[in-house]
Amino acid sequence: MWLGAWDGSVIRFDPSTRQAEVVLTASESQMQHIHSILELTKNRMLVGSDKGLASIDVTSRQVRLHHRGGSLSNALSDNFVYPLMRDREGGTWIGTYYGGVNYTHPVSGNFTSYTYSEHNNSVSGNVVNHFCEDSKKRLWIASDDGGLCYYSPADGQFTKVPLAQQGEEHNVHALSMDGDLLYVCTYAQGMDIVHVNTMAVTHVPRFADEKGAY
């Protein structure tokens, strides 16, 4: 089990022995406030933090940094990296807190950025919290400021899925796919269930307990 610490350390924990070891210190990882870890192979991982994205070879202890100030091909749209996900084709999706979505393919190694635009087809929000992939290889994207949308690799288009009525936005924090049903968890706005084949949405509201609290 890999753990990312708030100070930037990377820790390996063995549940069978209940032993933990610091594999990389904060100065070695060059990360701070780690939010996500994605294991690509047994000895290689990606680490997302408030200082961008680190590609780490655990065996050689080599660290390659990707951040907003990097070269054009290796630059991210923002340094605050939150969710990381590898899709069925081997590509890696990187969610940022202010810069939308970044994508990199293992063959090219370059980054493509997708940020919100009022004028062009785009991701629906720039504060990205979570990804998941459905059986049709569509990438579902949860965001604070743009609700829910999905990306279709077949045509390169983003499609927003309205969750609330009367033009309100849902602040979407987490996604979970169960067959053809996508469970959408929001911040203090209840839960939505999206049937990904029909795009029908069922809203599950908050409920009050006996003391009147939610």
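## Close-up views of a predicted model

**Figure 1. The whole protein at a glance.** The protein exposes about 11,700 Å², and carbon and sulfur atoms supply 49% of that area. Please keep in mind throughout that this is a predicted model. Its secondary structure comes to 1 helix and 19 strands, so strands will keep us busy in the views that follow. Along the principal axes, the C-alpha atoms fill a box of roughly 55 × 45 × 30 Å. The radius of gyration is 18 Å, which agrees with the value near 17 Å that a compact globule of 214 residues would have. Of these 214 residues, 43% count as buried. If we take the contacts between residues at least 6 apart in sequence, 36% of them join residues at least 24 apart.

**Figure 2. An open sheet made of strands 4, 5, 6 and 7.** The 4 strands of this open sheet have the order 4-5-6-7, with antiparallel pairing. Strand 4 (36-41) and strand 7 (62-66) are the edge strands, and each pairs on one side only. On average, neighbouring strands of this sheet are turned by 20° against each other, direction ignored. As you look at the strands, it may help to recall that side chains alternate between the two faces of the sheet in a regular strand.

**Figure 3. Strand 5 and its two hairpins.** Here we zoom in on strand 5 (residues 44-49). In this strand 5 of the 6 residues are buried, so strand 5 is largely enclosed by the rest of the structure. A hairpin with 2 residues in the connection joins strand 4 to strand 5. These two strands run antiparallel and are joined by 5 bridges; to find your place, look for E39, which stands opposite M45 in strand 5. Strand 5 and strand 6 also form a hairpin, with 2 residues between them. Their antiparallel pairing extends over 6 bridges, and S49 has G52 in strand 6 as its bridge partner.

**Figure 4. From strand 6 to the edge at strand 7.** Strand 6 (residues 52-57) pairs with strand 7 in the antiparallel sense, over 5 bridges. A handy landmark in this view is D57, which stands opposite Q62 in strand 7.

**Figure 5. An open sheet made of strands 16, 17, 18 and 19.** This open sheet of 4 strands has the order 16-17-18-19 and antiparallel pairing. Why is one side of strand 16 and of strand 19 left without a neighbour in the sheet? Strand 16 (172-178) and strand 19 (200-204) stand at the edges, and each has a single partner strand. From one strand to the next, the twist averages 20°. Strand 18 (residues 191-195) pairs with strand 19 in the antiparallel sense over 5 bridges. Within that pair, H195 stands opposite A200 in strand 19.

**Figure 6. L3 and its surroundings.** L3 lies in strand 1 (residues 2-4). This leucine is partly exposed, with a relative accessible area of 35%. Leaving aside neighbours within four places in sequence, L3 is in contact with S9, V10, I11, F13 and I37. For a sense of distance, L3 and V23 are 20 residues apart in sequence, while their C-alpha atoms are 10.0 Å apart in space.

**Figure 7. N126 in a loop.** You will find N126 in the loop between strand 11 (111-114) and strand 12 (128-133). Is this loop residue N126 buried or exposed? With a relative accessible area of 18%, N126 is buried, because buried means under 20%. Not counting residues up to four places away in sequence, N126 touches T96, Y97, Y98, G99, G100, T115, Y116 and D145.

**Figure 8. Cysteines without disulfides.** How many disulfides does the structure hold? The count is 0. C149 is in no disulfide, and the nearest cysteine sulfur, that of C132, is 11 Å away. At 1% relative accessibility, C149 counts as buried. C185 is in no disulfide either, and the cysteine sulfur nearest to C185, that of C132, is 11 Å away. C185 is partly exposed, with a relative accessible area of 35%. A disulfide needs two cysteine sulfur atoms within 2.5 Å, a cut-off to keep in mind when reading the 11 Å given for C149 and for C185.

Methods
Residues are numbered from 1 along each chain as its sequence is written. This is a predicted model: local features need pLDDT of at least 70, side-chain atom pairs count only at pLDDT 80 or more; totals for chains, interfaces and linings use all residues. Side-chain values use heavy atoms; hydrogens and water are left out. Two strands pair if DSSP finds at least two bridges between them. Axes are lines fitted to C-alpha atoms, for helices over the stretch in contact, and angles run from 0 to 180 degrees between N-to-C directions. Buried means under 20% relative accessible area, exposed over 50%, partly exposed in between (1.4 Å probe, protein chains only). Contact means heavy atoms within 4.5 Å. The radius of gyration is taken over C-alpha atoms; the globule rule is 2.2 Å times the number of residues to the power 0.38. Accessible areas come from the Shrake-Rupley method with a 1.4 Å probe; for residues, only the protein chains shown count as cover.
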